[in-house]
Amino acid sequence: MTSYQLTAQLELDTRIDRYLAEQLPQLSRAYIQKLIEQGQVWLNDHPCLNKKSVIKTGDRLQVEVPPVLPLVLTAQAIPLDILYEDQDLIVINKPIGLVVHPAPGHQDSTLVNALLAHCPHLSGINGVARPGIVHRLDKDTSGAIVVAKNDLAHQGLQAQIQAKTAVREYLGIVQGIPKLTAGTINQPIGRHPRDRQKMAVIPQGRPAITHWQLQERFANYALLQFRLETGRTHQIRVHAAHMGHPIAGDPVYGRELKQLPGQALHAWRLSFRQPISGELICAIAPLPEPMVKFLALHHSQLRI
């Protein structure tokens, strides 16, 4: 059981579920509402069973989060496109549409299920549901993702990402053509204030920095290279939309396109040090076929 205790510091009275979702970003608002219904949230030493209860400055809040029941994951023989592998880690070229780890609505047929068949003894340092997973990619974002095979490698890879010495570079097709050839987007990202399924640029969000560079112009689109300095949820997609050039085919932050199965965003190159030997590893994932075809189509339109 994990317990959180807070004393409300508010300028205006607000609903308890909204306040807790803002103060405890690791818990979704829907999950907090469920905890309230189950009597796991206390207000001034009394159980609070109404998610609409209004709290005021000085109110004492306690949230009890029950332990997560361990998942039983099944190894599944799903083909993997392996870019690099040694005794400590493996780098996969994740295809479009493959979910990285089990989640509500995707209990199996994930990258984790495939990895368990290929590497039965994965690192457990990141929890039962995400063994060996150091970072993640959205379902419809393809490309290079590194997975640790043991705890020591996991710690070393995670440390490189946190220290920003691991370099993650993406290629993305955006709507419209930026006026500049390169730039940096330094805008904080947090949960969208009205749509909790989305992220947004908001003043109270966590720092987020994305560097971008124009690679090629097309008729109505441009190919950009992105380099992440931070790793917020949906960071490139949110920042691209914020700059006025959303990722092509993005159903959440832009608009869907018939020629694309989802957002045209690809984790192109991943560079890091082998956590045990220190050797520099640079894994490059070729662009997926839908993005190649889309670029070819719009390249021909540019020439007309």
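The following dialogue works through strand pairing and helix packing in a predicted model.

Q: How do strands of a sheet pair, and in which senses?

A: Backbone hydrogen bonds link the strands of a sheet, and the pairing is either parallel or antiparallel. In this structure, one open sheet has four strands in the order β1-β6-β3-β4, paired in the antiparallel sense.

Q: Which strands stand at the edges of that sheet, and why is one side of each left without a neighbour?

A: The edge strands are β1 (2-7) and β4 (46-47); each has a single partner strand, so one side of each has no neighbour in the sheet. For β1, the antiparallel pairing with β6 (residues 60-65) extends over six bridges. Within that pairing, serine 3 stands opposite glutamate 64 of β6.

Q: Which helix packs on the sheet touching β1, and what angle does its direction make with that of β6?

A: Helix α1 (residues 16-23) packs there, in contact with β1, β3 (41-43) and β6. The direction of α1 makes about 70° with that of β6. Helix α2 (residues 29-37) lies across β3 and β6, and runs at about 95° to β6.

Q: At what angle do α1 and α2 pack, and how far apart are their axes?

A: The angle between α1 and α2 is about 125°, and their axes are 9 Å apart. An angle over 115 but not over 145 degrees counts as oblique, and α1 and α2 are therefore oblique to each other. Their crossing is right-handed.

Q: Which residues in α1 meet which residues in α2?

A: From α1, the residues are Ile16, Asp17, Arg18, Leu20 and Ala21; from α2, they are Arg29, Ile32, Gln33 and Ile36. Sorted by class, this contact has five nonpolar, one polar and three charged residues.

Q: Which residues in α1 are buried, and what covers them?

A: Ile16, Asp17, Tyr19, Leu20 and Ala21 are buried in α1. The cover over the buried residues of α1 includes strands β1, β2 (14-15), β3, β5 (54-55) and β6, together with helix α2.

Q: In which sense does β16 pair with β9, and in which sense with β10?

A: Strand β16 (residues 265-273) pairs with β9 (residues 142-148) in the parallel sense, over two bridges. Serine 142 has histidine 266 of β16 as its bridge partner. With β10 (residues 167-175), by contrast, β16 pairs in the antiparallel sense, over six bridges. There, valine 167 stands opposite serine 271 of β16.

Q: How many bridges join β16 to β17, and which residue in their hairpin takes a positive phi?

A: Five bridges link β16 and β17 (residues 280-284), and the two strands run antiparallel. Phenylalanine 272 has isoleucine 281 of β17 as its bridge partner. The hairpin has six residues between its strands, and glycine 278 takes a positive phi near 85°.

Q: Which strands pair with β14, one being β11 and the other joined by seven bridges?

A: Strand β11 (residues 182-186) pairs with β14 (residues 209-217) in the antiparallel sense over five bridges. Seven bridges join β14 to β15 (residues 221-228), again with an antiparallel run. Threonine 210 of β14 takes part in both pairings: isoleucine 185 is its bridge partner in one, and leucine 228 of β15 in the other. Three residues lie between β14 and β15, which form a hairpin.

Methods. Residues are numbered from 1 along each chain as its sequence is written. This is a predicted model: local features need pLDDT of at least 70, side-chain atom pairs count only at pLDDT 80 or more; totals for chains, interfaces and linings use all residues. Side-chain values use heavy atoms; hydrogens and water are left out. Two strands pair if DSSP finds at least two bridges between them. Contact means heavy atoms within 4.5 Å. Axes are lines fitted to C-alpha atoms, for helices over the stretch in contact, and angles run from 0 to 180 degrees between N-to-C directions. Angles under 35 degrees count as roughly parallel, over 145 as roughly antiparallel, 65 to 115 as roughly perpendicular and the rest as oblique. A crossing is left-handed if the near helix is turned anticlockwise from the far one by less than a right angle, and right-handed if clockwise. Ala, Val, Leu, Ile, Met, Phe, Trp, Tyr, Cys and Pro count as nonpolar, Asp, Glu, Lys and Arg as charged, and the others, Gly among them, as polar. Buried means under 20% relative accessible area, exposed over 50%, partly exposed in between (1.4 Å probe, protein chains only).
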